[in-house]
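Biologist: I would like a close look at a single part of this model, taken slowly and with its surroundings in view. Please begin with one residue and its contacts, and then work outward from there.

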Amino acid sequence: MPRNKDLKRLVRARMRKTGEAYTAALAHINKKPKAATVSRVAAPRATPNSATGSVDYAATAGMSDEKLKAKTGCTWERWVYALDRRGAEQMSHRDIVALVNTKYKVAPWWSQTVTVGYERIKGLRARGQRRDGTYEASKSRTFNVPVTTLFDAWADAGLRRRWLDGAKVRIRTATAPKSMRLDWDDRAIIAVGFAAKGKLKSSVAVQHDKLPDRETADRLKQYWSDRLDALGEVLSERGA
């Protein structure tokens with residue numbers, strides 16, 4: 001049994017997809033040469049910089065160098081250099097986050113951002129994909145209501161049914177008016193975060209995890225866009 005948690009997750013993801021036994025799935029993954037992982041740094045999804053011809057790390061990571069440097073003190077090129085020197089390419093996602101947070105004194109949210117961008121640059125995950133091989137769909141929206149009103153629109157079952165289009169969900173945990181986790185009817189988990197933008201404005205961010213492929217993630221991203229539109233209509237009616 002491999003000790004690396006990410007490797008175990010990859011094996012189990014392949015088992016679910018192919019129906020193979022654990023040992024067969026493990027053998028298939030292990031037969032890929034290590035060099036293949038490194039070569040994915042220059043995979044087609046890494047956009048070349050038109051001026052220099054080199055890989056555009058910012059485009060691959062999904063965030064500009066300017067914004068990243070303003071929040072963390074380094075560009076993507078510097079982060080890749082620093083993390084490569086620490087052997088981060090062979091670490092789990094959690095360990096890279098901890099390294100960025102403790103060694104380089106970066107705030108938790110930005111440690112996650114650096115880690116996800118680094119993993120995309122190194123070819124360890126695609127856009128919208130997690131290290132265990134599953135995908136996620138996320139969507140956010142700002143509404144002209146207090147954050148407590150927005151939170152209640154999710155927490156109240158009767159109100160929630162009005163805009164969620166009959167989907168079966170169960171609240172697993174909730175911390176008013178900051179966050180909520182929902183069990184979805186396909187056994188996926190939905191993480192919901194709320195933030196006040198002043199007394200009369202607030203935002204909600206939805207992340208739908210444990211999705212099997214990019215097509216499902218794209219479909220659910222559109223679904224959540226539509227549901228947030230419906231939520232806005234319900235909130236407008238209540239405020240009328």
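Modeller: In this predicted model, Phe194 touches Val147, Leu150, Phe151, Trp154, Pro177, Lys178, Ser179, Met180, Ser203 and Val204, when residues up to four places away in sequence are not counted. Several of these names return when helix H9 (residues 147-155) is taken by itself, for its buried residues are Val147, Leu150, Phe151, Ala153 and Trp154. Viewed down the axis of H9, these buried residues fall within an arc of 155°, and they therefore line one face of the helix. As general background, an α-helix has 3.6 residues a turn, so residues three or four places apart point the same way.

Phe194 also has a place in the largest nonpolar core, which has 32 residues, and is listed there with Leu150, Trp154, Trp163, Val204, Trp224 and Leu231 as the residues with the most contacts inside this core. At least two residues of the core come from each of S3, H9, helix H10 (157-163), strand S5 (179-184), strand S6 (189-196), strand S7 (202-211) and helix H11 (214-239). The largest share, 9 residues, is that of H11. Another core, of 17 residues, lies apart from it and includes Ala61, Trp76, Ile96 and Leu99. In soluble globular proteins, nonpolar side chains tend to be buried together.

Charged pairs complete the picture, and a search of the whole structure finds 7 salt bridges. In one of them, Lys122 pairs with Asp84, with the closest N and O atoms 3.3 Å apart. This pair links distant parts of the chain, since Lys122 lies in the loop between helix H8 (108-121) and strand S3 (135-143), whereas Asp84 belongs to helix H6 (residues 76-85), 38 residues apart. Lys122 counts as buried because its relative accessibility is 6%, while Asp84, with a relative accessible area of 33%, is partly exposed.

Lys122 forms a salt bridge with Glu89 as well, where the closest N and O atoms are 3.5 Å apart. Here too distant parts of the chain are linked, with Glu89 in the loop between H6 and helix H7 (93-103) and Lys122 in the loop between H8 and S3, 33 residues apart. Both Glu89 and Lys122 are buried.

A further salt bridge joins Glu119 to Arg125, with the closest N and O atoms 2.7 Å apart. Glu119 counts as buried at 0% relative accessibility, and Arg125 counts as buried at 7%. Through salt bridges that share partners, Asp84, Glu89 and Lys122 are joined into one network.

Terms used
Residues numbered from 1 in each chain as written. Predicted model: local features only at pLDDT ≥ 70, side-chain atom pairs only at ≥ 80, totals over all residues. Heavy atoms only, no water. Salt bridge = Lys/Arg side-chain N within 4 Å of Asp/Glu carboxyl O. Helix = DSSP H or I, 4+ residues; strand = E, 2+ residues; numbered from the N terminus. Buried < 20%, exposed > 50% of the residue type's maximum accessible area, 1.4 Å probe, protein only. Arc of directions from axis to C-beta. Core = buried A, V, L, I, M, F, W, Y, C linked by side-chain atoms within 4.5 Å. Contact = heavy atoms within 4.5 Å.
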